Amino acid sequence: MPEPIVGIDLGTTNSLVAICDAAGPRILTDEDGEALLPSVVRFDERGAVTVVGRAARESAVEFPLATVYSAKRLMGRSAAELESLRGRLPYRVVAGPRGVAAIEIPTVVGPRVITPQEVAAHVLERLRRVAERHLGQSVQRAVITVPAYFDDAQRQATRDAARIAGLEAVRIINEPTAASLAYGLGHARRAGRADLADASKPERIAVFDFGGGTFDVSILELSRESTAGQGSADASLSGERSGELFQVLSTAGDTALGGDDLDRAIIDLLVGELQARFGTSIELPPAARQALRRFAEGAKVALSSQESTRLAISIGEGRSHERVLTRDEFERLAAPYIERTLRCCRRALTDAGLSPEAIDRVVMVGGSTRIPAVRTAVEGLFGTRPYTALDPDQVVALGAAVQAAIIAGQRRDLLLLDVVPLSIGIETVGGAVAKLVMKNSTIPTRATEMFSTSVDGQVNVRIHVLQGERELVQHCRSLGQFDLQGIPPMPAGIPQIEVELLVDQNGVLEVSAVERRSGKRASIQVVPSYGLTAEEVERIERESFAHARTDMHVHRVIDLRVNSNLDLMWIAAALERVRGELEPTLLADIESRMGALRGFIAAADRDAVSVDADAFYAAKESLDRASVPIHEASIRQSLQVSTDMRSPHQPQSEA
Ligand code: ADP
Ligand code: MG
């Protein structure tokens with residue numbers, strides 16, 4: 001690889017590094033496999049750096065004066081500007097050289113003043129080493145993201161931090177722009193789409209960034225003016241111009257609103273209940289409060305994916321308190337905070353002179369956007385389903401890497417998203433794939449199909465989304481899966497599950513499933529073609545060609561096996577009821593055919609490829625034909641039952 005340029009999200013709470021090569025953008029993890037590096041640095045008694053990241057974060061309780069977090073809040077600011085922050089940070093914020101904000105660390109030789117740039121540099125240095133370990137070469141250049149509201153001094157401070165860490169910041173880009181790039185916004189209209197009618201219409205994007213301690217919303221306009229007159233839509237790919245594509249129309253936010261507030265709301269609830277039980281004099285030691293905070297955060301995170309969670313705390317002397325916290329209760333606690341994020345959104349819209357309906361896309365960023373109630377609220381305000389397919393922690397770093405690749409000129413070989421490059425389908429019983437969207441469909445595209453359950457009383461259905469041309473799940477690429485839960489119990493085949501696949505113009509796929517009778521619904525979003533180069537798509541196609549015959553054969557055998565099993569089940573049950581009424585020779589004949597069919601099923605289980613599908617089919621057909629008398633006998637029986645029930649008032653008809 002030529003000299004690499006990495007993308008870095010230098011966050012208030014967490015930082016990440018990513019790279020974008022021919023396989024698409026991806027996050028680089030540290031030696032423990034962790035993607036997130038907490039932006040925390042601890043200094044020792046001599047003022048030297050001891051640890052960076054998770055270990056430093058753990059030490060914050062023990063060394064509050066020497067553990068620096070949230071340094072990003074201080075970058076490029078004057079001490080005077082930060083009066084309001086005083087008292088909210090455990091370490092000392094002082095005026096450094098020329099009045100800039102700095103941090104005073106106690107050391108054995110007296111206080112030492114450290115600039116926020118130095119702190120950030122330690123974080124960047126760590127990320128640089130993570131990248132070097134992955135790439136096996138030295139890394140000296142990076143695209144670094146900053147909040148859209150950062151002024152010149154704050155951007156300059158970020159550049160300085162990079163320089164201290166041995167990195168040249170080849171570009172400083174806005175976090176919301178990076179998030180948009182990660183979703184391919186601004187790229188979808190590459191090659192061949194510039195002539196479409198709507199290509200000249202500016203696209204408006206809202207980026208909703210709800211993190212640990214801060215909330216930001218930005219309204220961006222993606223204008224294509226910068227590519228006009230270039231003679232080629234591909235010009236948007238070339239680095240120097242691409243930065244002009246996204247214009248920030250407005251930003252709003254709250255630097256003291258984030259996931260931390262939600263943790264605190266849970267703690268307050270618990271402490272309040274503890275006090276009600278054991279008297280108001282309860283004083284929690286700092287370590288216990290810190291533990292409680294961790295615990296509350298865990299509960300909050302759990303409630304993003306489950307309906308309730310159990311909370312239990314013990315405060316010594318046999319005093320303990322236990323309760324179940326439901327998602328409903330948590331949502332009531334969170335509601336005022338969520339409302340504050342919406343208020344910021346309305347302000348940003350007003351500042352941009354736009355109504356919520358004027359926003360084409362809403363991109364979700366930050367860990368707190370995993371909370372379902374946040375997603376619902378955002379959808380309610382903008383009237384459009386927000387983008388949530390990419391990990392909200394990672395989306396900014398991924399976008400920075402995309403920008404880096406654009407600058408390095410490496411993105412040209414990447415796949416264009418104007419068409420769906422590979423078919424998309426869902427898994428059906430037995431490991432086969434039902435294709436809903438065919439390869440080369442132009443986007444946007446939509447497809448629906450009805451499915452049902454295969455087992456009586458089935459209340460959950462797993463929807464597994466796959467991409468590829470082959471017939472079997474194991475040969476396709478898994479894009480994601482989700483469960484449709486809470487279907488009322490019904491016999492197999494009765495529920496009507498409509499699955500809808502929708503690929504929007506940026507290639508973001510949304511899959512939803514709804515059970516018609518109960519109205520139960522579930523869905524996911526994914527970005528289907530990330531990480532596929534044109535060569536890979538070709539290879540996948542070639543393989544499907546080469547295997548088409550076998551695949552179709554196996555698909556047929558699997559279907560036969562599923563249907564034969566259902567037949568056998570039904571016939572065996574009916575046979576029990578009517579056995580006495582059948583002639584012994586007929587009975588023996590049916591049973592031998594059942595045995596033959598079972599033989600094919602067993603063979604299919606061992607090795608579906610070598611089963612003779614035609615013979616299998618013939619065995620199933622012959623059993624179906626032979627079992628007609630069973631149907632007849634069982635219908636006769638049920639008629640008898642109903643005639644019996646009609647007596648004695650009605651005259652019996654002659655049989
Ligand atoms: P920042 O942008 O401030 O660096 P992040 O984007 O990393 O912060 O978000 C961190 C916040 O996201 C924390 O408050 C964390 O508890 C919260 N968070 C992470 N995952 C979830 C989840 N699944 N449900 C709810 N909150 C979450
Ligand atoms: Mg962030």
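1. Let us start with a term: a pocket is an open set of grid points with protein on both sides within 12 Å along at least five of seven lines. With that in hand, welcome to this structure, which is a predicted model. Its second largest pocket has a volume of about 1,200 Å³.

2. What lines this pocket? The lining of the second largest pocket is made up of 32 residues. If you would like to find its centre on screen, look for Ser 304, Pro 372, Arg 375, Ser 523 and Ile 524, the lining residues that lie nearest to that point. Four elements give two or more residues each to the lining: helix 9 (372–382), strand 23 (477–484), strand 25 (509–515) and strand 26 (521–526).

3. The make-up of this lining is worth a moment too. Of the residues around the second largest pocket, 10 are nonpolar, 12 are polar and 10 are charged. Domain 2 (193–389) and domain 3 (424–542) each supply at least three residues to the lining.

4. Next, please turn to ligand 1, which is surrounded by 17 residues. The closest of them are Thr 13, Glu 297, Lys 300, Ser 304 and Arg 370. You have met Ser 304 already, as one of the residues nearest the centre of the second largest pocket.

5. Which contacts does ligand 1 make through its oxygen atoms? A polar atom in the side chain of Lys 300 lies 2.7 Å from an oxygen atom of ligand 1. The side chain of Asn 14 has an N or O atom 2.9 Å from an oxygen atom of the ligand. Gly 212 takes part through its backbone, with a polar atom there 3.1 Å from an oxygen atom of ligand 1.

6. Ser 15 deserves a look as well. Ser 15 sits in strand 2 (residues 14–21), and a polar atom of its side chain is 3.1 Å from the backbone nitrogen of Gly 11. Is Ser 15 buried or exposed? Its relative accessible area is 0%, so Ser 15 is buried.

7. Helix 4 (residues 175–182) is mostly covered, with 8 of its 8 residues buried. The buried residues of helix 4 include Glu 175, Pro 176, Thr 177 and Leu 181. Follow the chain just past the end of helix 4 and you reach Gly 184, where phi is positive, at about 75 degrees.

8. Two residues other than glycine also have a positive phi, and they are nice to view one after the other. For Ser 70, phi is near 55 degrees, and this serine lies in the loop between strand 7 (67–69) and strand 8 (92–95). Ser 70 counts as buried because its relative accessibility is 9%, and the cut-off for buried is under 20%.

9. The other is Arg 98, with phi near 55 degrees. Arg 98 is found in the loop between strand 8 and strand 9 (101–105). Where Ser 70 is buried, Arg 98 counts as exposed, because its relative accessibility is 79% and exposed means over 50%.

10. Finally, a pair that the sequence alone would not show you. Arg 129 is in helix 2 (residues 116–135), and its relative accessibility of 47% means that it counts as partly exposed. How far apart are Arg 129 and Asp 30 in sequence and in space? They are separated by 99 residues in sequence, with 8.8 Å between their C-alpha atoms.

Key: Residues numbered from 1 in each chain as written. Chains lettered and ligands numbered in written order. Predicted model: local features only at pLDDT ≥ 70, side-chain atom pairs only at ≥ 80, totals over all residues. Heavy atoms only, no water. 1 Å grid on protein atoms, 1.4 Å probe; cavity = no way out; pocket = protein on both sides within 12 Å on 5 of 7 lines; lining within 4 Å. Points joined across faces, edges and corners; volume = space filled by probe spheres on them. Nonpolar A, V, L, I, M, F, W, Y, C, P; charged D, E, K, R; others polar. Domains from an automatic or database assignment. Buried < 20%, exposed > 50% of the residue type's maximum accessible area, 1.4 Å probe, protein only. Near = heavy atom within 4 Å. Polar contact = N/O pair within 3.5 Å; in protein donor to acceptor, adjacent residues only side chain to side chain.
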